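Biologist: I am new to this structure and would love a close look at a single part. Could you pick one strand and walk me through its surroundings?

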Amino acid sequence: MEALRREDPRRFGRFTVLARFQEAASAVQYVARDTGTGELAVIAAARPALAAVPAFRRRFQAEARTAERLAGGWVTPPLETGSPETGSLEASEDELLWTATAYVPALPLAEAVGIAGPLPERALRILGAGIAEILSRVHAGGSVLQGLAPGTVLLAEDGPRLTAFGPLGAAAAAEARPGGQLSVRLGYLTPEQVAGREAGAPSDLFVLGLLLAYAATGTTPFTEGPPEEAARRISEADPELDAVPEELRELIAGCLAKDPAERPTAGTVAAELALEGAAGLARGGWLPERLAAAVADQEARVRALEAPEEAGATGTADPAGEPEDAVPADAAPGAAAEPPEDAPATQTPTDPRATVATTNETPGTSNAAPGTATGPATNRGDIGEDRGTTRFLNTGPKPPRSDRATTHLALPQGLPPAPGTAPAPLPAPAHHHTYGSPAPYPAAALPPSATTAQGNNGNGNGPMVALPLPPAPAPPEGSATSRRTLIAIAAAAVGGLVVGGGAVAAIGGGETAAATDAKPPAPKPRRTLPGQPPEPRWSYSHPASESAPLTTALWRDRLLVVTSESQASAVDVNTGKRVWQRADAAKSQAAVVAGDLCFVASPTEFLWLAPKDGTVVHRVRYADGFTDLPDLQVGRLAGHSGTVIWFTGSRTVTVKAPKPKKGKKKAADKRVVQAYFFAYDIVRRAEVWRTQVPAGRAPGTPLYRVVAERSADLLVRQDAVTLTAAEVKAAKGKGSIRSFDQQTGKLRWTKQYGTAGPEAAVTGDEHGVLYAGAGVHLQSFEADTGKPLWRVEGTAGSAFGTPLVAGPVLHTTERSRQVGAVERESGRLVWRRSTEVPGIGSAPALTLSSSGKTLLASDATQVTAFAAGDGERLWKFQDIGAAEPKGATVSAPYRTLAVGAHIIVQRDRAFYAFPVA
C-alpha cells in the first residue's frame, strides 16, 4: 500500500480514493471509502491505455459480470462498476473503467508465502477446497475461469478469496497493440495450451495443482532451468512433489496430470480436501500466527486511512511514511493519466507466462458488451416493446443449426495479409519486468504449422504480429486466417513458480482465445416473427412404450437423467441421443455428482451409477445401510451441497400400552411414526449425522426442504401438507423455519417470520436472509432474529411463488403470472413483466441460464424467456405435447433446466434443447 500519485484519480463514482493498494498488469487497485455508507472498498481501475481498447473493455466488463454471478461464498460481490459507454468503439485514455468490491482484510498468496513460508497441511486443504468450490460453480455453467495466480488468490481471516475471474485479472502483462489490438500475457500455461489447444475446465485444475504445490513448498513443482526448457517440462516432465505433504501428494499429482482427462474434477478435489467444506474446516481460524498478524496489521493500516480532504492537504501521506508529490489544485477530480515510465508493471512475484493477443472488431460485430442493454432499462411496470408472440411446435426433431461464431485469427509474422490490408507495424521486442528489473523474454519454437510460414526463421524467435482484420468475407474453413489457435511458446522461471511460456493468439470480436464467460455470442438463427423461439438444437421423445417420466435431473452438464416407473435413462445433453437405459434406478430422483459417478436415490436404496453405461457400481439398501432403523422409508432429497445430501426418513413403530391397573381394561398398543433428518456423504457412502424431527400427520415420510445453506447451519422448512392439525393450530397460521447445525445435525432453533404462512413460498441465501411470501407481498427477513428488512408489494389477489437468488438480484414470480427482479439489498423493484398468460394460477417456476442473462418462466401453459437484466420479453414457447393414451389432452406443466449455453425444456415426454444467451 502506498500514497496516491499525482496522476491517480481521487474519486470513482460515490467512492473517495484513500490510497494505492496494489498494482496488477491490467489494473491498479485503490483503497476507497463509500461516501454514502462510510464502508471501505477496493477499486480495480483499468489502466487508461488499455481501457481505450474496445476488446479490453468488453473483456473487463465480462469478468465483472462473472464476479456478479459467482458472488457469495469465497467470492466478494461487486458493489458497483463504472465504464465508458459500452456501445461506443471510441474511448479516450482519460475515461475510467473500474469495478468496486467491499474491502476484505487479506494477503495475496504470494505475499503470504514470502512472509511465513509454505502453508501447513490444514491451511492447504482449506485453500484448495475453497478455490475448488469456486471452480465447481464455474464449470457447472460450462465456463472456464483462467483467473488463478498467486496474486489473485487471497488469504483472509475466515478462508480464501478469489479476486480475478478471467484472463485480465490474472494477467502477468497486458498491453495495447497498434490497430486497436490487445496483448494479454497470462501467468500460467498448461500442457494442452503448450500444444496449441484451448483451455478447458481441466486446465483450471492443472493451475490449481500448481498453486497448491507452490503454497505447500514455496517453489515450483517443476525443476528450474533455462527458460527455453520450461515449456518442454510442462509438457513432458514429472512434477517434483517430494516436499508436498504426503497426504496431499497424490491429489496434487492428479491435478498436474499431462492428460486433461486424467485430472480430477473440481468437485472431487473439494471433497477430498475438506469433506465438511472449506468454511467448516476453517472454523476457529486457519492462518498461521504470522499471517494472521499480518492480516490484522493490514486491516489496521487501511482503517486508519483518511481521505485527502480529511487530512487537510492536497497531497496524501504514504501509510509507510514516504512522502508523495502533491496534486495541483487545478487538477480535475477523477482525472487519470498513464503511470509514469518508471512505475512497475506488476507486483506479482510469480511470472509463468502465456500471451493472448486480441484483435479489433470485425465489421458488423456489435460493439456492446455481451448481455449489456443498449436502451434504457425499465424500472417499473410492464412497459416497452412487446415481443411475446407464441410459437406452437409439435413436430419431430429438427436438424440442429450451427451456433458457432466465425473466428478470425491474426497471422504470425511472415504470413501474407488478407487482400487490401496493410501489414501492421512490428511490436517492440517483448520484455517482462520482475520487481522493476527489465529482463529479455526469449521465445521457444513455434508449432510446425507456424514455423513453416514465410518469414519465420524456423527457430521460433520471430515475433507474433496481430493484424487488423479487413472488411472481407470470412476465409474458408481450415485456412491460415481461420485457425482457432496460433501458439508461440515462451518460457521463464521467476520467483519460484514454473513459468510456462507464452501462448499467443489473436481472435476476432475483441475476445481472448481463452475467453470463458464472454465468448463472442453465437449468431442467432433468423426469425420470421418477433418473439419466435430459436430453433432447438435437438429434441428427444421419451418412448411411449415406457411409463411417463417421473423425474428429470442433470448430471455434470453432460447427461439428462430421466426416470420412470420402470426405467432410468440418460440422454446426452449435447446431442439429444439416449446413452443408456436400465431398470435399476427406476423411480429415482436427483442425479448428484459423487466423484466420477452419478448418485441417485430410489425408493428402496441409494445407487451409484457409471455415467458411461448406467451400470450400478455401488448400492446401499436402506435396510442394510441403516440397520438400527428397520423398515426405514426415505423420501425425496431435501437438498445437497458438494458431497453431502440431506433427506428425511421415517418408519412406523409399535408402542406397547402400559400394563393396566388391577380391574382396568388393557389399552390398545399404538402405532407411532418416527422421523429423522439425515446428512449423508455420497462419496464416503457414510452417514454424517441424524436428528429426530416431528413426523407430522403423514403415515409415510414427511417432506423437508433446505431453503438456505450457511457455513454454520442449514435452514429447513417442513412441507405444509405433513403438518398435523394440532401443529397448524399451534402455529397460528404462520410457517416455521428450523435451523440445524451443519456439523452435528442438532436443532438450534425454530422461528416464524411475519405473516408468512405454512404454505408460503420461502427461499434464503448464504448470508441468512430469508425471502418469503407474506400475504400478497414478498418480504425479506433476517433469519437469526426474524427482523423484517424490506417488502415488495404484490399484485392484488395474487401471491408470490418461490423466488430465485441470482447474485445481487432476486428474481420474483407471482400467481398473477408476473415475473420480475428486485435488489436483494434494498428490495427496490428493478423490473416486473407479465408472461401474458391470463388469470390467476400457479406461480411460474424460474430458471436462470448458465450465463445469467436469460430468465425462463415455466408454467402449465408455456415457457417465457426474459432478458434477466431489464425484463425484455424475448420469446415464448408452447408445445402440443405427445399424445397420452386414449387421446387425452396433455396437461403436464413445463419444466426448464439450464445446461451450458442451452436450456432444456420438458413437457411430459417431450424434451427440447434451445440455445440461449
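Modeller: Happily; what follows is a tour of one strand and its partners. Please keep in mind that this is a predicted model.

Let us take strand S47, which spans residues 910-915. Six of its six residues are buried, so S47 is largely enclosed by the rest of the structure. To see how that works, it helps to look at the two faces in turn. In a regular strand, side chains alternate between the two faces of the sheet. On one side of S47 you will find Ala910, Tyr912 and Phe914, and on the other Phe911, Ala913 and Pro915. Both faces are covered, with all of these residues buried.

Now for the strands that S47 pairs with. One of them is S46, residues 902-907, which runs antiparallel to S47 and is joined to it over six bridges. As an example, isoleucine 903 has phenylalanine 914 of S47 as its bridge partner. S46 and S47 together make a hairpin, with two residues between the strands. In that turn, aspartate 908 has a positive phi of about 55 degrees.

Another partner comes from elsewhere in the sequence: strand S16, residues 538-541. S16 also pairs with S47 in the antiparallel sense, over four bridges. Here serine 541 is matched with alanine 910 of S47. Alanine 910 is thus a handy residue to find on screen: a bridge partner for serine 541, and one of the buried residues on its face of S47.

How values were computed: Residues are numbered from 1 along each chain as its sequence is written. This is a predicted model: local features need pLDDT of at least 70, side-chain atom pairs count only at pLDDT 80 or more; totals for chains, interfaces and linings use all residues. Side-chain values use heavy atoms; hydrogens and water are left out. Buried means under 20% relative accessible area, exposed over 50%, partly exposed in between (1.4 Å probe, protein chains only). Two strands pair if DSSP finds at least two bridges between them.
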